[in-house]
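Good morning, everyone, and thank you for making room for this on the agenda. I would like to walk you through a structure that is new to most of us, so please keep the view open while I talk.

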Amino acid sequence: MTSSFSSLPLSPATLANLQQLGYEAMTPIQAASLPVALAGKDLIAQAKTGSGKTAAFALALLAKLNPRWFAVQALVLCPTRELADQVTVEIRRLARAADNIKVVTLCGGIALRGQRASLEHGAHIVVGTPGRIMDHLERGYLTLEGLNTLVLDEADRMLDMGFFDDIATVVKQAPKERQTLLFSATYPEGIEKLARQFMREPQQIKIDAPAAESTIEQRFYEVNRTNRLETVGLLLNHFRPVSTLAFCNTKQQCKDLVTLLQAQGFSALALYGELEQRERDQVLAQFANRSCSVLVATDVASRGLDITQLEAVINVDITPDPEVHVHRIGRTGRAGASGLALSLASMNEMGAVGKIEQYQNAPSVWFKREDLPPTGSGRLLPPMVSLQLLGGRKEKIRPGDVLGALTSTEGGEAYTREQIGKIQVTEFCTFVAVDRSIAQAACAKLNAGKVKGKSVKVRVM
Ligand code: ADP
Ligand code: MG
């Protein structure tokens, strides 16, 4: 595969512009996806952050654009305002080659009126967040009749933020005859659902991050029946991971460990089979948004769990199946980050440890319980706190509504996007993570104010 931009059907002006920008060669995801995208085909492209995905779709949509026709011909959906702004900047730089291409950014937090005026002046390309785009569509400020390229950028994050329904609403207003390009850093289940509903025989392209980038450090500790569970607390206070997934072999062990950790002042929750769906949703929401330090789970219960940031995995019990062991520890150290895999083994688990060594073709490295002094100052606390709003999809609440209520200047301090974490809308309630330092005040602000024009009940979880 050649990596020169000149191998692509791009105009000489575009090629000259790329050279001016210092884009000497295509990045791997660009080399793999641009030929497909420029041929007009639907595409699902997966590559890590910083790999040049923006140019991969921007060059494709620009190549098709007719500057003399004043209609929105391309729409890029992004999860946040910051990302939409970045995409707009990159598209403008790449569009310099052609004359007068208008790119308009439509995101929340900015008056609708000004955005409406920008649209009225003629926009070729719209970049924005699903909620705000929906607002413009509903009011008739924006129409997608002339659209020929739809881009879902950072699709995994949009799904993470609960935008599936909003995306669906927007896409339904786009012409059926169009090209759809989906970009994502990871490939959670929801992506397939998006592809099935909104794409036509998409070609899938995946650029793997080099294997060396994820490093998992494995440490084994010898324990006995009486000190096994309390060793978990020692590990947590010593390594102080923000998020830890602790595996037990039985449901009873999960319950016992969570009881002990909670008594020791840790923020810990259990996940095992037989939890009601509603309880399971609550537990997962709190762990995924970093407002719970430790999730204690059985292997079965943790299946399908997709948590991207996981600093540590603890094998509270050694699994008799070495394949399961590798699967467990592989959940940490993802996406270029380093991870810690800590395993507790008693004398009668040494056979299972031996099988793991054979399977991994590497000896286990042992450390001592005595060498786990507490580090840092004070209790290990999660950085975020979850607020639960009584009201969800049934009440038509969208992540943007909650974000809007928290960042608005009315009824108290206006919080910044950085103080607000994941917002997850479920059927009947909504979870929003906020910085620990603002939890009580943010809860009071939401309780006193309105979300989606209505009063809501909110509690700190
Ligand atoms: P991603 O969306 O995959 O996270 P971006 O599209 O934001 O990545 O690109 C990351 C950076 O790489 C940007 O600053 C962009 O300008 C730059 N870049 C993209 N393609 C090239 C290229 N072919 N050569 C040099 N720099 C590039
Ligand atoms: Mg990107």
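Let me begin with a term: two strands are said to pair if DSSP finds at least two bridges between them. With that in hand, and bearing in mind that this is a predicted model, we can look at strand 8, residues 215-222, and strand 13, residues 338-345, which pair in the parallel sense over eight bridges. Within that pairing, R219 of strand 8 stands opposite L342 in strand 13. Strand 8 also pairs in the parallel sense with strand 14, in this case over two bridges, and there the bridge partner of F220 is W366 in strand 14.

These pairings belong to an open sheet of seven strands, whose order is 10-11-9-12-13-8-14 and whose pairing is parallel. Which strands stand at the edges of this sheet? They are strand 10, residues 268-271, and strand 14, residues 366-367, and each has a single partner strand, so one side of each is left without a neighbour in the sheet.

For contrast in direction, please turn to strand 16, residues 420-425, and strand 17, residues 429-435, which run antiparallel and are joined by four bridges. A hairpin of three residues makes the connection from strand 16 to strand 17, and V425 stands opposite T430 in strand 17.

Let me now step back to the chain as a whole, which is divided into domain 1 (5-206), domain 2 (216-371) and domain 3 (384-460). The C-alpha centres of domain 1 and domain 2 lie 40 Å apart. In secondary structure, the chain comes to 16 helices and 20 strands. Its radius of gyration is 25 Å, close to the 23 Å that the globule rule gives for 461 residues, so the chain is as compact as a globular protein of that length. Taken along the principal axes, the box that the C-alpha atoms fill is roughly 75 × 60 × 35 Å.

The last part of the talk concerns ligand 1, which is surrounded by 14 residues, the closest being Y23, A25, Q30, G50 and T54. Helix 3 (53-64) and helix 4 (81-95) each supply at least two residues of this shell, and the shell residues divide into three nonpolar, seven polar and four charged.

Which atoms of the protein come up to the ligand in polar contacts? A backbone N or O atom of A25 lies 2.8 Å from a nitrogen atom of ligand 1, while a backbone N or O atom of S51 lies 3.1 Å from an oxygen atom of the ligand. From K53, by comparison, it is a polar side-chain atom that lies 2.9 Å from an oxygen atom of ligand 1. Taken alone, ligand 1 exposes 570 Å², and the protein buries 72% of that.

Key. Residues are numbered from 1 along each chain as its sequence is written. Chains are lettered from A and ligands numbered from 1 in the order in which they are written. This is a predicted model: local features need pLDDT of at least 70, side-chain atom pairs count only at pLDDT 80 or more; totals for chains, interfaces and linings use all residues. Side-chain values use heavy atoms; hydrogens and water are left out. Domain bounds come from an automatic or database domain assignment. A residue is near a molecule or strand if one of its heavy atoms lies within 4 Å of it. A polar contact is a pair of N or O atoms within 3.5 Å; within protein, one must be able to donate a hydrogen and the other to accept it, and residues adjacent in sequence count only if both atoms are side-chain atoms. Accessible areas come from the Shrake-Rupley method with a 1.4 Å probe; for residues, only the protein chains shown count as cover. Ala, Val, Leu, Ile, Met, Phe, Trp, Tyr, Cys and Pro count as nonpolar, Asp, Glu, Lys and Arg as charged, and the others, Gly among them, as polar. The radius of gyration is taken over C-alpha atoms; the globule rule is 2.2 Å times the number of residues to the power 0.38.
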